[in-house]
Amino acid sequence: QFIHSTVCLSTLLRTDFICRSRHKSFAAAMSEALDKLEQDQLAKKSAKEAENETVKEANRVKRTLKRKKWVDWKTQDEEDAANGVKRAPFDPADRIKRKKSAILLSYCGANYFGMQRNPGMQTIEEELFKAMLKHKWITEDSFEQVQIACFQRAARTDKGVSAARQVCSVKLPEELDLAAFNQDLPAEIRLFGVERVTKGFNAKDQCNARTYTYTLPTVAFALSSEESQPEQDTYRIPPELLEKVNETLKLYEGTKNFHNFTSKKNFLDPSAKRFIMSFTCSTPFQSPQGVEFVTLKVKGQSFMLHQIRKMVGLTIAIVRGNTTTATLERAMTEERLDLPMAPGLGLVLDRVHYERYNDRYGKDGIHAPLTWDAQEQQVREFIEKHIYANIYKTEAEQRSLLDWLSTLHYHSYDTRREEAATEAGGSQKKSNEDDDGEE
């Protein structure tokens with residue numbers, strides 16, 4: 001019994017020793033793991049600090065190099081001289097602070113190939129940019145690439161087309177001498193006003209409507225069925241015919257599909273739909289040459305290339321009796337019709353509208369509304385002297401509209417054969433003309 005008791009005690013002591021040994025090994029392992037984790041964290045922290053220090057040092061080097069490049073001109077000049085390079089003298093104009101501005105421009109386009117700059121062509125913008133460069137309104141770089149000066153026009157005008165109140169946006173200096181600037185512009189181009197605008201202002205994008213006028217002798221509406229065509233100098237339009245002109249113009253108002261009134265525009269193209277707010281005819285008046293004229297005025301959100309001239313051309317054909325209003329209604333459908341296009345002489349960009357911009361910024365006490373009221377009298381005088389006088393004189397001497405009237409009977413006012421074949425094949429080239437590419 002004594003021996004049995006001794007064996008049991010020995011077994012218990014051995015079991016207790018084994019348990020204590022195992023417990024001690026686990027605690028030691030945990031302690032080692034925690035120590036290793038702490039060491040890893042310290043190592044990562046040290047590596048991060050070293051990386052941050054490297055970045056800071058790189059930034060310090062960059063700032064030092066930048067200051068040396070732009071401030072230490074003496075060292076830079078010595079290095080350039082050793083390489084045979086001489087620094088150009090400093091031009092104060094390059095440091096002029098320029099701010100976004102809107103300019104009011106008027107011009108007679110009779111002798112120009114449109115508004116937009118075109119290499120090798122005499123354009124309105126070319127004359128404008130040359131004067132701006134001469135007066136240091138823009139830099140050499142901006143003259144080569146006008147996008148640098150954020151230049152944008154409210155609307156394009158095509159060859160021979162004039163503008164009474166064109167608006168452009170561009171970055172310009174704060175101090176400007178308009179009188180001296182205009183002396184370096186041709187007589188048929190004038191800049192009448194400059195207004196500071198918001199940073200994000202864009203003359204085209206912020207323009208919510210455009211108004212064009214088309215001035216023509218009333219003899220254009222004389223009935224083609226008459227045995228002998230009346231003389232332009234003595235013709236006076238009767239009231240009932242004038243009423244028919246206004247009735248026809250009103251048919252264009254509203255949102256309609258004008259794919260027939262431009263080139264290479266498909267009926268299904270969403271951009272073919274345009275909103276015409278109003279289209280009216282003025283009361284007749286006499287030019288200095290004694291010819292009776294009227295002015296058609298159309299206001300819309302935007303116009304496509306040739307759209308207004310084709311609307312005027314079809315209106316004349318309807319009033320004269322070459323076709324009927326049914327042609328106008330068909331022209332708004334999917335059919336592709338043969339429609340006449342009136343000459344460009346009488347077309348004028350009358351004004352561009354910024355009602356939304358004026359409502360938002362024109363009363364903030366910082367920016368003036370783009371209504372140009374102070375310049376209106378000067379603009380009117382220029383228009384009469386250079387734009388309308390040219391229309392009256394050219395029409396009286398060359399009778400270009402009368403020559404055009406003789407071609408109206410050549411038009412079929414029906415589906416074009418070549419267009420019908422194209423549409424049947426299901427392929428028609430999409431026009432890449434600007435939305436505001438009218439004339």
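These are my notebook entries on a predicted model of one protein.

**Entry 1. Overall make-up**

I began with the secondary structure. I counted twelve helices and ten strands in the protein. I then looked up burial for the whole chain. Of the 439 residues, 42% are buried. Next I checked how far along the chain the contacts reach. Among contacts between residues at least 6 apart in sequence, 76% join residues at least 24 apart.

**Entry 2. Helix α3**

I went to α3, residues 124–134, and asked how many of its eleven residues are buried. Eight are, so the helix is largely enclosed by the rest of the structure. I listed the buried ones as I124, E125, E127, L128, F129, A131, M132 and L133. Two glutamates, E125 and E127, are on that list.

What do these buried residues pack against? On the strand side I noted β1 (98–107), β2 (152–153), β3 (162–173) and β4 (189–196). On the helix side I noted α4 (140–144) and α5 (178–183). I also looked at the backbone just after α3. There K136 takes a positive phi of about 60°.

**Entry 3. The largest pocket**

I turned to the open spaces. The largest pocket holds about 310 Å³. Its lining has 15 residues, and I asked which of them are closest to the pocket centre. They are T213, K297, D350, R380 and Y388.

I sorted the lining by class. I got six charged, five nonpolar and four polar residues. Then I sorted the lining by element. At least two residues come from each of β7 (273–281), β9 (292–300), β10 (347–353) and α10 (376–398). Helix α10 gives the most, with five residues.

**Entry 4. The cavity**

I searched the whole structure for closed spaces. One cavity of 30 Å³ or more turned up. The largest cavity has a volume of about 50 Å³. I wrote down its lining: Y214, T215, L216, P217, P343, L345, G346, I391, E395 and L401.

Which elements supply at least two residues each to this lining? They are β5 (209–217) and α10. Strand β5 gives the most, with four residues. By class, I found seven nonpolar, two polar and one charged residues. The charged one is E395. I note that α10 is on the list for the cavity and on the list for the largest pocket.

**Entry 5. Y212**

I checked the UniProt record. The unreviewed entry places a "binding site" feature at Y212. I located Y212 in strand β5. Buried or exposed? At 1% relative accessibility, Y212 counts as buried. Strand β5 is also the strand that gives four residues to the cavity lining.

**Entry 6. Aromatic pairs**

I counted ring pairs and got 14 aromatic pairs. I looked up F192 and F382 in detail. Their ring centres are 5.8 Å apart and their planes are at 75°, so I logged the pair as edge-to-face. This pair links distant parts of the chain, with F192 in strand β4 and F382 in helix α10, 190 residues apart. F192 is buried at a relative accessible area of 12%. F382 is buried too, at 5%.

I then looked up a stacked pair, F285 and F293. The centres are 6.4 Å apart, with 25° between the planes. Planes under 30 degrees apart count as stacked. Here burial splits the partners. F285 is partly exposed, at 27% relative accessibility, whereas F293 is buried, at 1%.

I also found a cluster. Ring pairs link F201, Y354, Y357 and Y361.

**Entry 7. H259**

Last, I looked up one histidine. Where does H259 lie? It is in the loop between β6 (254–257) and β7 (273–281). This loop residue is buried, with a relative accessible area of 1%. Buried means under 20% here, so H259 falls within the cut-off.

I listed what H259 touches, leaving out residues up to four places away in sequence. K265, N266, F267 and A272 are among its contacts. So are A331, T333, E334, E335 and R336. The charged side chains on the list are K265, E334, E335 and R336.

Conventions
Residues numbered from 1 in each chain as written. Predicted model: local features only at pLDDT ≥ 70, side-chain atom pairs only at ≥ 80, totals over all residues. Heavy atoms only, no water. Buried < 20%, exposed > 50% of the residue type's maximum accessible area, 1.4 Å probe, protein only. Contact = heavy atoms within 4.5 Å. 1 Å grid on protein atoms, 1.4 Å probe; cavity = no way out; pocket = protein on both sides within 12 Å on 5 of 7 lines; lining within 4 Å. Points joined across faces, edges and corners; volume = space filled by probe spheres on them. UniProt positions renumbered as here; feature names shortened; annotations may be inferred. Phe/Tyr/Trp six-rings, centres within 6.5 Å; stacked < 30°, edge-to-face > 60°.
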